[in-house]
Amino acid sequence: MKIVDLKCAVIGENPVVRVVTDEGIDGYGEVESYKPYLKPYVLFYKDMIVGHDPTDVERVMNRIRRMGSFKPWGSAVSAIEMALWDIAGKAAGVPVYKLLGGKVRDKVRVYNGAVRFKLPDYSPDGFAEIMRKMKASPEGFTLIKQGIGFHSNMPERVPDFFFGDTHQGFRHPNRGLLTEKGFKHVIACIEAMKDVLGDEVGLALDCGPGWTVPDAIRLAKAVEHLHIAWLEDLITGDYTPYVLADVYRDITRSTSTPIHTGEQIYLRHSFRELIETNAVNIVGPDPCDIGGIAELKWVAEYADLHGILMAPHGTGDGLLGLAALVQVSAALPENYIAFEYPIGDPSWWYDIVDGLPNPIVQNSMIEVWDRPGMGVNLIPEKAFKYLKDEDKDFFD
Ligand SMILES: [Mg+2]
């Protein structure tokens with residue numbers, strides 16, 4: 001089998017990759033909805049993979065893997081990797097998890113991820129209110145993650161939150177030392193959420209990036225008695241093109257609260273210091289940023305050897321990304337906790353794919369399906385009308 005074409009279309013907001021072969025089998029990959037600008041970067045790799053056998057996934061990946069980088073620039077390579085596995089599974093007539101070593105679990109746990117409710121305000125009552133809604137949502141989440149601190153609008157919305165200058169905009173532009181008032185506000189909001197969730201539902205907190213080391217240690221110690229599932233990306237994280245493993249290690253060593261990072265990190269090599277020095281307790285790569293599902297599995301296995309847990313990121317990965325997360329999570333070792341659940345957005349995404357169970361999530365779990373490849377496919381006749389004019393040849 002040979003690859004004859006590599007295509008990319010932005011469907012809704014998600015870039016979708018299609019790898020076309022000479023045997024009538026095609027493979028799909030999808031990356032985060034926040035990255036519609038990626039299309040030309042996907043096409044950059046076309047000449048490097050056309051003519052090669054897509055079922056020799058690793059051999060094809062060796063041609064392109066070194067030409068990616070930290071989030072968002074590893075997404076194109078990641079989407080191609082997932083499309084190759086999709087083809088390999090379809091060609092062999094088996095679900096992708098079989099090719100990754102086989103199923104370790106029949107159901108995979110997920111946490112809320114893209115299931116969110118609008119925060120009425122940044123008060124403890126506001127946070128309690130969205131926790132009540134989240135706890136009542138039909139997916140029955142047993143673990144809920146909420147953004148606080150620099151991974152929220154607290155720097156702009158809470159008066160005198162920190163000592164730095166406040167910057168507006170996306171992708172976490174603020175960083176600095178918290179005021180005592182700001183710090184106490186964060187703690188009050190966490191306590192309010194725990195009051196709602198009790199010990200029935202776990203609470204993880206996405207915190208940054210942007211915290212200083214002393215505040216990070218203060219926070220981690222202050223919530224030790226609240227049994228928080230993890231504190232995510234305190235120092236580096238989302239859209240930080242480096243890791244700072246030694247800084248994370250100082251924080252992790254100082255507390256019993258689990259420390260988590262990794263969603264922006266590209267390739268196993270960039271996880272090496274984090275894992276080998278036990279700089280965090282949990283790693284959370286995104287298959288759509290790390291370089292693909294086999295790359296994520298490699299990191300999960302290596303983390304497990306070092307007593308580090310795995311909770312993959314995935315909030316914006318869309319429904320094809322969801323399929324990839326299910327396939328790889330089925331095959332991860334016992335250090336697997338849960339992955340961050342992506343949804344179809346806009347909701348017509350649910351009409352243009354087949355293969356998903358209904359409902360998808362029950363009691364916080366997704367049953368692993370057995371269809372060949374990733375098991376979720378675009379339906380060309382239904383997806384066509386959502387293609388932009390420049391992408392009308394996507395299914396040709
Ligand atoms: Mg995060």
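Tutor: Domain bounds are taken from an automatic or database domain assignment. The model discussed here is predicted.

Student: How far apart do the C-alpha centres of domain 1 and domain 2 lie?

Tutor: The assignment splits the chain into domain 1, made of 3-93 + 379-391, and domain 2, made of 98-373. Taking the C-alpha centre of each of these domains, the separation is 26 Å.

Student: Which element gives the largest share of the side of domain 1 that touches domain 2?

Tutor: The contact between the domains involves 35 residues of domain 1 and 30 residues of domain 2. On the domain 1 side, at least two residues each come from β2, β3 (26-30), α15 (380-383) and α4. The largest share, 12 residues, is supplied by α4.

Student: How many residues on that side of domain 1 are charged?

Tutor: The side of domain 1 that touches domain 2 can be sorted into three classes. Nonpolar residues number 15 and polar residues 12, while the charged ones number 8.

Student: Is Gly 89 buried or exposed?

Tutor: Gly 89 belongs to helix α4, which covers residues 75-92. A residue with 20 or more other C-beta atoms within 10 Å of its own is classed as buried. Gly 89 has 25 such neighbours inside 10 Å, so it counts as buried.

Student: Which residue, 34 places from Gly 89 along the chain, has its C-alpha atom 8.3 Å from that of Gly 89?

Tutor: Beyond its neighbours within four places in sequence, Gly 89 is in contact with residues including Val 94, Leu 99, Pro 372 and Met 374. The residue asked about is found by its place in sequence and its C-alpha separation, and it is Thr 55.

Student: How many C-beta neighbours inside 10 Å does Ala 83 have?

Tutor: Ala 83 is another residue of helix α4. Apart from neighbours within four places in sequence, its contacts are Val 17, Arg 18, Val 19, Gly 27, Tyr 28 and Gly 29. Ala 83 counts as buried because its number of C-beta neighbours inside 10 Å is 32.

Student: Which residue of β2 is the bridge partner of Leu 6?

Tutor: Strand β1, residues 3-11, has 7 of its 9 residues buried. It pairs with β2, residues 14-21, in the antiparallel sense over 8 bridges. Between the two strands of this hairpin are 2 residues, and Gly 12 has a positive phi near 70°. Within β2, the partner of Leu 6 is Val 19.

Student: Why do the buried residues of α10 line one face of the helix?

Tutor: In α10, residues 245-253, the buried residues are Ala 245, Tyr 248, Ile 251 and Thr 252. Viewed down the axis of α10, these buried residues line one face because they fall within an arc of 120°.

Student: Which residues on the other side of α10 are exposed?

Tutor: The buried residues of α10 pack against α9 (213-222), β8 (259-261) and α11 (272-276). The side of α10 away from the buried residues has two exposed residues, Asp 246 and Arg 253.

Student: What are the edge strands of the open sheet with the order β11-β4-β13?

Tutor: This sheet has 3 strands, and its pairing is mixed. β4, residues 107-111, runs parallel to β11, to which it is joined by 2 bridges. With β13, β4 pairs in the antiparallel sense over 3 bridges. The strands that pair on one side only are β11 (339-340) and β13 (365-367).

Student: Which residue of β13 stands opposite Val 108?

Tutor: β4 is mostly covered, with 4 of its 5 residues buried. Towards β11, the bridge partner of Val 110 is Phe 339. In β13, the residue opposite Val 108 is Ile 366.

Student: At what angle to β4 does helix α14 run?

Tutor: Helix α14, residues 318-330, lies across β4, β11 and β13. Its direction is compared with that of β4, and the angle is about 125°.

Terms used. Residues numbered from 1 in each chain as written. Predicted model: local features only at pLDDT ≥ 70, side-chain atom pairs only at ≥ 80, totals over all residues. Buried ≥ 20, exposed ≤ 12 C-beta atoms within 10 Å, placed from the backbone. Contact = placed C-beta atoms within 7 Å. Arc of directions from axis to C-beta. Pairing = 2+ DSSP bridges. Nonpolar A, V, L, I, M, F, W, Y, C, P; charged D, E, K, R; others polar. Axes fitted to C-alpha atoms, helices over the stretch in contact; angles between N-to-C directions.
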